[in-house]
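Q: Please take a close look at one residue and its surroundings. Then widen the view to the rest of the chain, step by step.

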Amino acid sequence: MVDVWQKLRLSLAAIAIALGAAMAIPANAVDMEQGTTFLTPFPDNDIYQVTVFGDGFAEGLLGGLVQAFGSDARLNIQRQITPIANISTWDFEGKTVALEQKIAGQPLNIAVVMIGEDDRNPFRSPDGKRIAVGSDAWIAEYTRRIDRLMRAFKRKNASVYWVGLPNFARSDANELAQRMNDVIRERAYLNGYKYIDIYQGFTDENGGYSAYGPDLEGAIRLLRVRDGINFTAAGNRRLAHFVEKELRSDLTQAKSNRNMPLLGAEAEQEKINPGNSVKTPAPSSPVADSASANAKAPVVRSAATDGTPPSSASAASGDQKADNGKITLKLIGSNGREETQTIDILRPPIPASVVALMARREGSGPRGDLVVDQIGGGLTLMSSITPPGNRDRGRLSPTQAPYFRLLVKGERLQPKPGRADDVSWPPKNDSTTDAKPADPVPRG
């Protein structure tokens, strides 16, 4: 029994040491741990400037977005697209430089991009040779050009939603469309953009092309025009719905971060509470009224074991003072008699920085991209890929991570000896360190 209590005391002491170490965390460490939103919480004049970029697909997408967000005062959607058409032409570099100049010369917070209507054309190599559509060399050049286009938005620091290609009426075009989507998904992930997958949104129950489908109210409508490529008005509204879902979610998340106490500089705080900086002096000001200042400050209150409230100093600063306690247990001793044992519960003072770190809102960090793929047997494989942050530096490159190679690139990982996916014959012994020898087969 004595050994049990000694172990319990050691465990409580380890907890107290961990809390003491947490108190040494500097204030800027809390800021580093705070998550950020995909959209900036503080756009200029509290209005997000939205521009749609692309080709013929983008024109229909713009109409659907205007219909979806026409009455939303938070967004100012430009009524004309910025064209990006046919990236397979010889003057691609000149077009990209002109696009960079257009992006730099206009207010932009949110960019919605959709291209690909006329991109399924052969390229020309630097020596003038024709590169066949769909070949490995064509995919490599397409990847380079898509990445070059995406980097054109980097200087503006805008939030980019890149929409993938839909399915087409021609079955041979669908295979190329999916390979192009793989490239767009990969480059969007590596550039920190959001990839909007619409391919499965316009297929029938068997995963094939269908010109008809349900609209947003569930009624079956004609969604695709006769060319098997473009969309009708109902199809464009459904197309915009995929962007709308992500954008509304990000707007809500940005508003949530905007309303977090003490987030942003004084000018940004004044946007949340207009005139507050003038009407209410800062707590550090010698003329500040302590009662009114404490009433507006975020407080973490905790009563002590004796029922007394925390001190006003701790309430104003957000710190939690030391609050030690005791528990009494009734036990049966070795002599068979009832005994009591008192254990001290130690809780050292906790500064406000640690309280903010442990109580920060969940879900404020960047969310992962959803990768959807159809596998055999009518099953759908869904996986979330989260871009790495600053604290993930030093790890594998995202394209070399096992989940990325398996789910996005479709590579088959090499089986390890003794693992379930090792079908070699004769079977090899498990080479892992935690492998256990197999039990001998009984004879007779």
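A: Leave aside the neighbours within four places in sequence, and R237 is in contact with G64, Q67, A68, L216 and E244. The model is a predicted one. R237 belongs to helix α7, which covers residues 233-258. Its relative accessible area is 15%. That falls under the 20% cut-off, so R237 counts as buried.

What does the partner helix add? G64, Q67 and A68, three of the contacts of R237, lie in α3 and take part in its contact with α7. E244, another contact of R237, is on the α7 side of that contact. So the next thing to describe is how the two helices meet. Two packed helices are described by the angle between their axes and the distance between the axes.

Helix α3 spans residues 56-69, and its axis comes within 8 Å of the axis of α7. The two axes cross at roughly 60 degrees. That makes α3 oblique to α7. The angle is not under 35 degrees and does not reach the 65 degrees where roughly perpendicular begins, which is why oblique is the word. The crossing of α3 past α7 is right-handed.

The contact has two sides. From α3 come F57, G60, L61, G64, L65, Q67, A68 and F69. From α7 come N236, R237, L239, A240, V243, E244, L247 and R248. By type, the residues of this contact divide into 9 nonpolar, 4 polar and 3 charged. R237 is listed on the α7 side.

The list has a spacing to consider. An α-helix has 3.6 residues a turn, so residues three or four places apart point the same way. Members of the α7 side include N236, A240, V243 and L247. Members of the α3 side include F57, G60, G64 and A68.

Now a second helix pair. The axes of α4 and α5 come within 10 Å and cross at roughly 15 degrees. This is under the 35-degree cut-off, so α4 and α5 are roughly parallel to each other. α4 passes α5 in a right-handed crossing. F92, E93, T96, V97, L99 and E100 are the α4 residues in the contact, and R144, R145, R148 and L149 are the α5 residues. This contact divides into 4 nonpolar, 1 polar and 5 charged residues.

Stay with α5. The helix covers residues 136-151 and has 16 residues. From its first C-alpha to its last it reaches 23 Å, close to the 22 Å expected at 1.5 Å a residue. Its buried residues are W138, I139, E141, Y142, T143, R145, I146, D147, R148, L149 and M150. R145, R148 and L149 are on this buried list and also meet α4. The packing partners of the buried residues are α4 (92-104), β5 (123-124), β6 (130-131), β7 (159-163) and α6 (171-191).

The loop that follows deserves a look. N157 sits between α5 and β7. Phi of N157 is near 55 degrees, a positive value in a residue other than glycine. N157 has a relative accessible area of 70%, over the 50% cut-off, so this residue is exposed. N45 can be read beside it. N45 is in the loop between α2 (27-33) and β1 (48-54). Its phi is near 60 degrees, again positive in a residue other than glycine. N45 is exposed, with a relative accessible area of 70%.

Two further residues have an intermediate accessibility. L222 is in strand β10, residues 220-222. L222 is partly exposed at 38% relative accessible area. Neighbours within four places aside, L222 is in contact with A211, Y212, T232 and A234. The C-alpha atoms of L222 and A234 are separated by 7.1 Å, with their positions 12 residues apart along the chain. N324 is in the loop between α11 (312-317) and β11 (325-332). N324 is partly exposed, at 43%. N324 and P348 are 24 residues apart in sequence, and 7.5 Å apart C-alpha to C-alpha.

Last, the whole chain. The protein chain has 13 helices and 14 strands. Of its 444 residues, 34% are buried. R237 is one that counts as buried. Among contacts with a separation of 6 or more, 63% join residues 24 or more positions apart.

How values were computed. Residues are numbered from 1 along each chain as its sequence is written. This is a predicted model: local features need pLDDT of at least 70, side-chain atom pairs count only at pLDDT 80 or more; totals for chains, interfaces and linings use all residues. Side-chain values use heavy atoms; hydrogens and water are left out. Helices (H or I, at least four residues) and strands (E, at least two) are DSSP runs, numbered from the N terminus. Buried means under 20% relative accessible area, exposed over 50%, partly exposed in between (1.4 Å probe, protein chains only). Contact means heavy atoms within 4.5 Å. Axes are lines fitted to C-alpha atoms, for helices over the stretch in contact, and angles run from 0 to 180 degrees between N-to-C directions. Angles under 35 degrees count as roughly parallel, over 145 as roughly antiparallel, 65 to 115 as roughly perpendicular and the rest as oblique. A crossing is left-handed if the near helix is turned anticlockwise from the far one by less than a right angle, and right-handed if clockwise. Ala, Val, Leu, Ile, Met, Phe, Trp, Tyr, Cys and Pro count as nonpolar, Asp, Glu, Lys and Arg as charged, and the others, Gly among them, as polar. The expected span of a helix is 1.5 Å times one less than its number of residues.
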